[in-house]
Amino acid sequence: MPNLSRRGALKLTAGMAVLGTLGLTGCGREEDTAAAKASAKPVDDSPATGTVKVWAAQGDADVLEKVIKPFKAANPDVTVKVTLIPNAEYYTKLQSAIAAGKGPDVAQLFPESQAQFLDPSILQAVPDGLVDPDSFFKSLWDAGVVKDVAYTVPWYAYTYALVYRADLAKKAGVEAPTTWDEMVPFFKALQGAGAGHGLAADNGWDIFNGQDVAMYAWQAGGSLLSGGKWTLDTPATVDALKYNASFFTSGVADTATPTFLDAQPYFVSGKTATMITGPWVVGQLDTAAKKKGWTASHVATAPLPAGSSGSVSFSAGGSWGVLAGSGSADASWKLVRYMAEPSTQVAQYKAYSSLPAVISAWDDSAIKDQPLLDAFLTQLKNTRAFPQVSTWQQVATRMGKEMEAVAKGTATAEKAAANIQSYAESLGTGAK
């Protein structure tokens, strides 16, 4: 799997909360939406020409030159210049470049944190017929759509699922949990089979933990935003906070749990036995164990246990957008179209283990024959996009901090939910 983590490739989102929103307070105005739709003209099949400047964050894009080599061979009159930028600096530099009118033609974005860019003054609308929206995981496509206008095209995908020690589960005689009520007993059974703690809860008490609360709130039947208003002080949010806290109050997780850098070694050693995490972990555990084949004989995966409204996770990954100021729009969209083809996304998987955002690409034997990925495919079909508002990152960060108080017993879930709602209302949504 890619060398990603929610505090790795996604680390760049944390700094976004204190950054400006590029003047997006008018985002979604009707006249802008109409103009965006009118500008989304079809792209033909003629060869691409000119120069396309691409900016991307280091990580999955490290192999981009290799993956687009066939595109350049098929389009000899186009020059593609790829600039890789460190993850932690990526959005900051992109925002600054856009504000100065010096942005690239094509920019990598992240479905879970791209809301601030979804505006016709920043990104061009996806041309009619460029790709088939139904070919992607729905939530990934929806993450780039505002008022029926699509601004981004999904590139790779991930979500969260359970990754657990199958050998310890077998020893304990238990199956993977399928409901909330089964979670703590499952973790305790793994502890009884020798694990130090049943769950390795990755706690920074920050934006990323806040995303977990959001995920649990969906599972409990809640929504985060409705009719343009925050809906966070709800029974579903309270249930989500209590559910998360139960991992700590029951003793199956520790509030001083290992950070993400230590999570895999702890998992391999048996100090912990389960992670709620993304698919990149699957490909990294052999390295952590320093033994080829360790993962296949010790690990299993399963979709997230269901709350009262089912097993729902969030959609995340990478996407592409063409900037409004691009002077090479035609060639840029042809490159984006190429990167959205199933064969290209399979090539990206083979080069870097980035899982495809195009559903049909999962039928390729390179992916289909990886049984530990099955749970992630199942989960990706049941995901939602985070709110498409510029203040979501700040709200998620506050959610993470409030959930710490509940987990440590210094605040009730009801009080924490009220605090989150109050804070979110003070920020608004960044829109007029």
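**Figure 1. Salt bridges in the predicted model.** The structure, a predicted model, holds 10 salt bridges. The protein carries 36 positive and 40 negative side chains, and 5 Å separates the centres of these two sets. The following views show individual pairs and one network.

**Figure 2. The salt bridge between Arg 165 and Asp 167.** The side chains of Arg 165 and Asp 167 meet at an N to O distance of 2.8 Å. Arg 165 has a relative accessible area of 7% and is therefore buried, the cut-off for this class being under 20%. Asp 167, at 25% relative accessibility, counts as partly exposed. The pair thus joins a buried arginine to a partly exposed aspartate.

**Figure 3. A salt bridge within helix α17.** Helix α17 spans residues 392-407 and contains both Arg 398 and Glu 402. These two residues are 4 positions apart, which corresponds to about one turn of the helix. Their side chains form a salt bridge, with 2.9 Å from N to O. Here the acidic partner is the buried one: Glu 402 has a relative accessible area of 9%. Arg 398 is partly exposed, with a relative accessibility of 27%.

**Figure 4. The salt bridge between Lys 408 and Glu 404.** The closest N and O atoms of Lys 408 and Glu 404 are 2.8 Å apart. Both partners fall in the partly exposed class, Lys 408 with a relative accessible area of 44% and Glu 404 with 22%.

**Figure 5. A network of salt bridges.** Asp 44, Asp 330 and Lys 334 are joined into one network by salt bridges that share partners.

**Figure 6. The protein as the setting of the close-up views.** The protein comprises 18 helices and 14 strands. Its radius of gyration is 22 Å, close to the 22 Å that the globule rule gives for 432 residues, so the protein is as compact as a globular protein of that length. Along the principal axes, the C-alpha atoms fill a box of roughly 65 × 50 × 30 Å. Buried residues make up 58% of the 432 residues. Among contacts with a separation of 6 or more, 80% are between residues 24 or more positions apart. The protein exposes about 16,800 Å², of which carbon and sulfur atoms supply 51%.

Definitions and conventions. Residues are numbered from 1 along each chain as its sequence is written. This is a predicted model: local features need pLDDT of at least 70, side-chain atom pairs count only at pLDDT 80 or more; totals for chains, interfaces and linings use all residues. Side-chain values use heavy atoms; hydrogens and water are left out. The radius of gyration is taken over C-alpha atoms; the globule rule is 2.2 Å times the number of residues to the power 0.38. Buried means under 20% relative accessible area, exposed over 50%, partly exposed in between (1.4 Å probe, protein chains only). Contact means heavy atoms within 4.5 Å. Accessible areas come from the Shrake-Rupley method with a 1.4 Å probe; for residues, only the protein chains shown count as cover. Lys and Arg count as positive and Asp and Glu as negative; His and the chain ends are not counted. The place of a charge is taken as NZ of Lys, CZ of Arg, CG of Asp or CD of Glu. A salt bridge is a side-chain nitrogen of Lys or Arg within 4 Å of a carboxyl oxygen of Asp or Glu.
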